[in-house]
Amino acid sequence: MNSRVMRWSRRNGTSGEVIIKNISCWGLTMDDQRFLYIVGDDKVTRCRMGETNETVVAGDNGYNDRLNQLNFPTYVFVDREYSVYVSDKNNHRVMKWMKDAKEGIIVVGGRGEGNDLTQLSQPRGIFVDQMGTLYVADYENDRVMRWYKGETQGDVIAGGKGIGEQANQLSRPEGLSFDRHGNLYVADCINNRVQRFSIEK
């Protein structure tokens, strides 16, 4: 493993620049203040571009399922209030840490591993829209789930038809994103493809 974060310029994409060394890194994102949020080991850290000082914003209390812990987190999303959402893979839940919080809140999942509409199985990519609706790539369940803000039960918006390679199936979805028209893009890992879905709100 290279254990680093790299940056490539869009103007000169032929050679990258190492901006953080010696770091265990799974997922990352950047907020509108140019702070980089990095998922690694049992925590999420934040650092400003060009600086080496890191601040823990979630976890870093060992691998377990208490509200101040994470168990192999994978992806991170930061909203406009700088709350940090983390897909807590081995706890089968998505956690939210408000800015400067010492422990998180279980937003979805956390009811054991499973395929019920209240459960997740090793969640990966996450996205939160401006209305607070949460979208999760539910990896082992081969589906993408949507939870409206405050709801305890989600609905399947892509996949969920069993593992497979048909247009309505996913095989271990990893990452997800939306374009400005509301189309959902899913990294369909085992099928080696990116799928696009038109989602009704």
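Is Arg93 buried or exposed at 3% relative accessibility? Arg93 counts as buried at that value, where buried means under 20% relative accessible area, exposed means over 50% and partly exposed lies in between (1.4 Å probe, protein chains only).

Before the tour starts, note that this is a predicted model, in which local features need pLDDT of at least 70 and side-chain atom pairs count only at pLDDT 80 or more, while totals for chains, interfaces and linings use all residues. Residues are numbered from 1 along each chain as its sequence is written, and side-chain values use heavy atoms, with hydrogens and water left out.

**Stop 1: the two domains**

Colour residues 1–110 as domain 1 and residues 112–200 as domain 2; these bounds come from an automatic or database domain assignment. The C-alpha centres of domain 1 and domain 2 are 20 Å apart.

Now select the residues of each domain that touch the other. Domain 1 has 18 residues in contact with 18 residues of domain 2, contact being heavy atoms within 4.5 Å. The size of an interface is often given as the accessible area lost when the parts come together. Between domain 1 and domain 2 the buried area is about 1500 Å², and carbon and sulfur atoms give 69% of that area. Buried area here is the accessible area (1.4 Å probe) that two parts lose on being put together, summed over both.

Show Tyr75, Phe77 and His92 as sticks. These residues supply 39% of the area that domain 1 buries against domain 2, more than any other three residues.

Next, look for polar links across the boundary. Between domain 1 and domain 2 there are 4 residue pairs in polar contact, with both residues at pLDDT 80 or more. A polar contact is a pair of N or O atoms within 3.5 Å; within protein, one must be able to donate a hydrogen and the other to accept it, and residues adjacent in sequence count only if both atoms are side-chain atoms. The count of salt bridges between domain 1 and domain 2 is 0, a salt bridge being a side-chain nitrogen of Lys or Arg within 4 Å of a carboxyl oxygen of Asp or Glu.

On the side of domain 1 that touches domain 2, the elements giving two or more residues are β7 (73–78), β8 (84–88), β9 (93–97) and β10 (105–109). Strands (E, at least two residues) and helices (H or I, at least four) are DSSP runs, numbered from the N terminus. The residues of this side divide into 9 nonpolar, 5 polar and 4 charged. Ala, Val, Leu, Ile, Met, Phe, Trp, Tyr, Cys and Pro count as nonpolar, Asp, Glu, Lys and Arg as charged, and the others, Gly among them, as polar.

**Stop 2: Arg93 and Asp88**

Select Arg93, which lies in strand β9, and then Asp88. The closest N and O atoms of the Asp88–Arg93 salt bridge are 2.7 Å apart. Asp88 is buried at 0% relative accessibility. Add Arg66 to the view: its backbone oxygen lies 3.2 Å from a polar atom of the Arg93 side chain.

**Stop 3: salt bridges beyond residue 130**A search of the whole structure finds 8 salt bridges. One of them joins Asp138 and Arg143, with the closest N and O atoms 2.7 Å apart. Asp138 and Arg143 are both buried.

Move to Asp142 and Arg172, which form a salt bridge with closest N and O atoms 2.8 Å apart. This pair links distant parts of the chain, 30 residues apart: Asp142 is in the loop between β12 (134–138) and β13 (143–147), and Arg172 is in the loop between β14 (155–159) and β15 (173–178). Asp142 is buried at 6% relative accessibility, and Arg172 is buried with a relative accessible area of 19%. Add Glu140 to the selection to see the network of salt bridges that links Glu140, Asp142 and Arg172.

**Stop 4: positive phi**

Most residues other than glycine have a negative phi, and most peptide bonds are trans. Keep Arg172 selected and check its backbone: phi is positive, about 65°, although Arg172 is not a glycine.

Then go to Asp60, in the loop between β6 (55–59) and β7. Phi of Asp60 is near 70°, also a positive value in a residue other than glycine. Asp60 is partly exposed, with a relative accessible area of 36%.

**Stop 5: Gly16**

Finish at Gly16, in the loop between β1 (4–7) and β2 (17–21). Gly16 is partly exposed, with a relative accessible area of 33%. Leaving out residues up to four places away in sequence, Gly16 touches Met6, Arg7 and Trp8. Draw a C-alpha to C-alpha distance from Gly16 to Glu151: these residues are 42 Å apart in space and 135 residues apart in sequence.
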